[in-house]
Amino acid sequence: MKRRDWRRAAGITAIPLLLALFTSPVHAVNPIRSDGGVSLAGIVGPGQPVSAAPAAPGPCNDPAYSLLGGKWKQPLDWRYQSTSTPGYLKGSNVLKVINRSFNNITGARNDCGLADTVSATSQYLGTTSDKPSVTRRARCSPPDGQNIVGFGPLPAGILAVTCIRYGNNNNISEADVRLNSNYDWVLTVAACHPWQQLLEPTMTHEIGHMFGLGHVGEKRHGRLTMSTISDGPCSNDETTLGLGDVRGLRQLYPQ
Ligand SMILES: [Zn+2]
């Protein structure tokens, strides 16, 4: 089968998460920057909460979600490409954050008092030297039957890309995440500087895609984890799910 035909048949979707603020490693000077009429994250200092989109309802009052059109019928078994770990990070610490991010989705972690009635499950299978099936141009490459999370170069302005493949009956058969290694990633809010990117909120968003959640618009739903643009380098807000994120997961994975 020709490459193009194969892509269509496999039902491949590449979903980039855009960077909130800086497309080059410029240190923050302006507290607020606006892009295309959307108020993006303001940098007020490490560890301080920032507001992504003042016009959007709070995460617990925003029921919006969208679905990619498929779901897992079995646990999502994933591996980490440990050889891709940036030199300034420790692989075991990165793994802890990725594991926590999976739990944020499968455990419907939220600050809204919503019970975890989501039946989705995942299992970490170990490290691999294989790459996620996502290219440096943010496209999906041929599937290899493994669900892999790893770092690698991506175009500027894109924090990470998830590729989804569908099998029979719209079941998801493979999901891969490539995190942009051109950015300076950090694992804790306490250590975060404004020119760095906090891993957990981005990873939680990408895992939402892996399980079948789509995007909601930034302008009207910017406080939800599945909004298109990150809340800002050191904001941890989107690590916890909002009402819409939880509703989407409950719809896909009822108890
Ligand atoms: Zn996304």
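Helix α2 offers a way into this predicted model, and its buried residues are V94, V97, I98, S101, F102, N104, I105 and T106. These buried residues pack against three strands, β4 (76-81), β5 (122-128) and β6 (147-152), and against two helices, α3 (199-210) and α5 (243-252). The length of α2 can be checked by simple arithmetic: the helix holds 16 residues (91-106), and at 1.5 Å a residue they should span 22 Å, which agrees with the 22 Å that separates its end C-alpha atoms.

One residue of α2, I98, deserves a closer look. Leaving aside residues up to four places away in sequence, I98 touches Y80, V149 and M203. I98 is also named, together with F211 and L249, among the residues with the most contacts inside the largest nonpolar core, a set of 52 residues. The largest share of this core comes from β7, which supplies six residues. As a general background to such a core, nonpolar side chains in soluble globular proteins tend to be buried together.

L249 leads on to helix α5, where it is one of the buried residues, the others being L243, G244, D245, V246, G248 and L252. With seven of its ten residues buried, α5 is mostly covered, and those buried residues pack against α2, α3 and α4 (218-221). The packing between α2 and α5 therefore appears from either side, since the buried residues of α2 have α5 among their partners and the buried residues of α5 have α2 among theirs.

The loop that follows α2 contains two alanines with contrasting surroundings. A108 lies in the loop between α2 and β5, and just after the helix it takes a positive phi of about 50°, in a residue other than glycine. A108 counts as buried because 22 other C-beta atoms lie within 10 Å, where 20 or more are required. A115 is also placed in the loop between α2 and β5, but it counts as exposed because it has 10 C-beta neighbours inside 10 Å, and the limit for an exposed residue is 12 or fewer. A115 also links this loop to α5 in space: A115 and V246 are 131 residues apart in sequence, yet their C-alpha atoms are 9.2 Å apart.

A second positive phi, of about 55°, is found at N169, which is not a glycine either. N169 sits in the loop between β7 (158-166) and β8 (172-180), and it is exposed, with 8 other C-beta atoms within 10 Å. The two positive phi values thus occur in opposite settings, because A108 is buried whereas N169 is exposed.

Taken as a whole, the protein has five helices and ten strands, and buried residues make up 45% of its 255 residues. Among the contacts with a separation of 6 or more, 70% join residues 24 or more positions apart.

How far the model can be read in detail depends on the region. The protein averages a pLDDT of 84, and 80% of the residues score at least 70. Over residues 1-10, however, pLDDT stays under 50, and the model has five contacts beyond four places in sequence for this stretch. Residues 20-53 likewise stay under 50, although the model has 69 contacts beyond four places in sequence for them. Where pLDDT is low, the predicted coordinates should not be read in detail.

Methods. Residues are numbered from 1 along each chain as its sequence is written. Helices (H or I, at least four residues) and strands (E, at least two) are DSSP runs, numbered from the N terminus. The expected span of a helix is 1.5 Å times one less than its number of residues. Two residues are in contact if their C-beta atoms, placed from the backbone, lie within 7 Å. pLDDT is the predictor's confidence in each residue, from 0 to 100. A nonpolar core is a set of buried Ala, Val, Leu, Ile, Met, Phe, Trp, Tyr and Cys residues joined through C-beta atoms within 7 Å.
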